[in-house]
Structures are given as structure tokens and as C-alpha cells.
Amino acid sequence: VNKKELVKSAFNLDRPDRYSLYANDFKWTDSVGSPPLDKNSFFGGEEPLRLAVPDLSIVIDDIKEDGDYIVIASHFSGTFRKDLDLSPMGMGVIPATGKAFASPSQRDRVSFDGDKISELHNLETGPDAGMAGFIKALGVDTG
């Protein structure tokens, strides 16, 4: 299996079978100490984003092989049309702005188990890492 093509397919939010591209024991981790997510939690966290940003997409900025891994730089883009409910994460509901946005580019290391993605590890550690950068990109004043 071509790992770059697998990752491109897995990052395509419009691909109906993308869930099947991830191993059953998949986990998402990051470099800032967030609790790891299993496959169901990872995909479940996407739902509120897709409701709030119906045209949400992941734009791949760079993708390269690094030994057994793929390192991908990508960002989200879309239009923040509906309120974003982050209550399950303890962050409340963020009112829609109606604005188009592009989040900061983030780097992820992708690990594999055969022809499935087994781990996605976000490599970012700065102030725009993770959800903080995404919310900032939405044009929401969090200060």
C-alpha cells in the first residue's frame, strides 16, 4: 500500500469509507499532553465541527515519508456557519461568525499497522497547537 495515498484518502473528509482506513485500535495523541483518543472518540469529535462548518475540509500543505512514518502538514478550512457545541469537551457553545477561515498548518506523524493508520500524533506545541489554534482561526475572541 502506498502510505502517502492512504494518508491523503484518510484526510479527505468527503470520503465515505475513511473510517475503515484507520485500525480498530487507532489512537490520536499530541505533544501538549491532551488525553489520547481512541478511534470512536476521534471520529466522534469531528461531528460537532462538521455541523458547525458544513464545508469543512482538510488541506494538505506538505506530505513526506520519514522512515516508517508519514509526516503531514495540513490545515482546516471552511465557513463557520452554525454554533460549535464543545460542551462534551467542557468548552461550551461557540456562536457562529459566518466567516470563512483557515486554521494554522499543523504537522502530524502518521504510524501504520499494515494497510491501516494506527496512530496520528500531532507534533505541534506552540500557542496555536490543537483546538486553541482551530478556535482562534474561527475568528472567536477567547481573551
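Mentor: Contact, or touching, means heavy atoms within 4.5 Å. This is a predicted model, in which local features need pLDDT of at least 70 and side-chain atom pairs count only at pLDDT 80 or more, while totals for chains, interfaces and linings use all residues. Residues are numbered from 1 along each chain as its sequence is written, and side-chain values use heavy atoms, with hydrogens and water left out.

Trainee: OK, let's start with F80, where does it lie?

Mentor: F80 lies in the loop between β4 and β5 (84–85); here strands (E, at least two residues) and helices (H or I, at least four) are DSSP runs, numbered from the N terminus.

Trainee: And is F80 buried or exposed?

Mentor: F80 is buried, with a relative accessible area of 0%, where buried means under 20%, exposed means over 50% and partly exposed lies in between, for a 1.4 Å probe and protein chains only.

Trainee: Which residues does F80 touch?

Mentor: If we leave out residues up to four places away in sequence, F80 touches A52, V53, I94, P95, A96, T97, G98, K99, F101, L138 and V140. Take F101 from that list: F80 and F101 are 21 residues apart along the chain, and their C-alpha atoms are separated by 7.5 Å.

Trainee: What about the largest nonpolar core, which residues there touch the most other members?

Mentor: That core has 33 residues, and V7, F11, Y22, F80, L84, V110 and I117 touch the most other members. A nonpolar core is a set of buried Ala, Val, Leu, Ile, Met, Phe, Trp, Tyr and Cys residues joined through side-chain atoms within 4.5 Å. In soluble globular proteins, nonpolar side chains tend to be buried together.

Trainee: Switching to strand β4, why is it largely enclosed by the rest of the structure?

Mentor: Strand β4 covers residues 69–79, and nine of its 11 residues are buried, so the strand is largely enclosed by the rest of the structure.

Trainee: How many bridges join β3 to β4?

Mentor: Nine bridges join strand β3 (residues 57–66) to β4, and the two run antiparallel; two strands count as paired if DSSP finds at least two bridges between them. Within this pair, I58 stands opposite F76 in β4.

Trainee: What sits between the strands in the hairpin of β3 and β4?

Mentor: That hairpin has two residues between its strands, and G67 takes a positive phi near 65° there.

Trainee: How many bridges are there between β4 and β8, and between β4 and β7?

Mentor: With strand β8 (residues 106–113), β4 pairs in the antiparallel sense over five bridges, and S74 stands opposite Q106 in β8. Strand β7 (residues 100–102) is joined to β4 by three bridges, again antiparallel, and here T79 stands opposite A100 in β7.

Trainee: New topic, where does D128 lie?

Mentor: D128 lies in the loop between β9 and α4, and this residue is partly exposed, with a relative accessible area of 27%.

Trainee: Which residues does D128 touch?

Mentor: Not counting residues up to four places away in sequence, D128 touches P104, Q106, G133 and K136. You have already met Q106, which is the β8 residue that S74 stands opposite.

Trainee: And what separates D128 from D115?

Mentor: Along the chain, D128 and D115 are 13 residues apart, and in space their C-alpha atoms are separated by 31 Å. You can set this beside the pair F80 and F101, which are 21 residues apart along the chain with C-alpha atoms separated by 7.5 Å.
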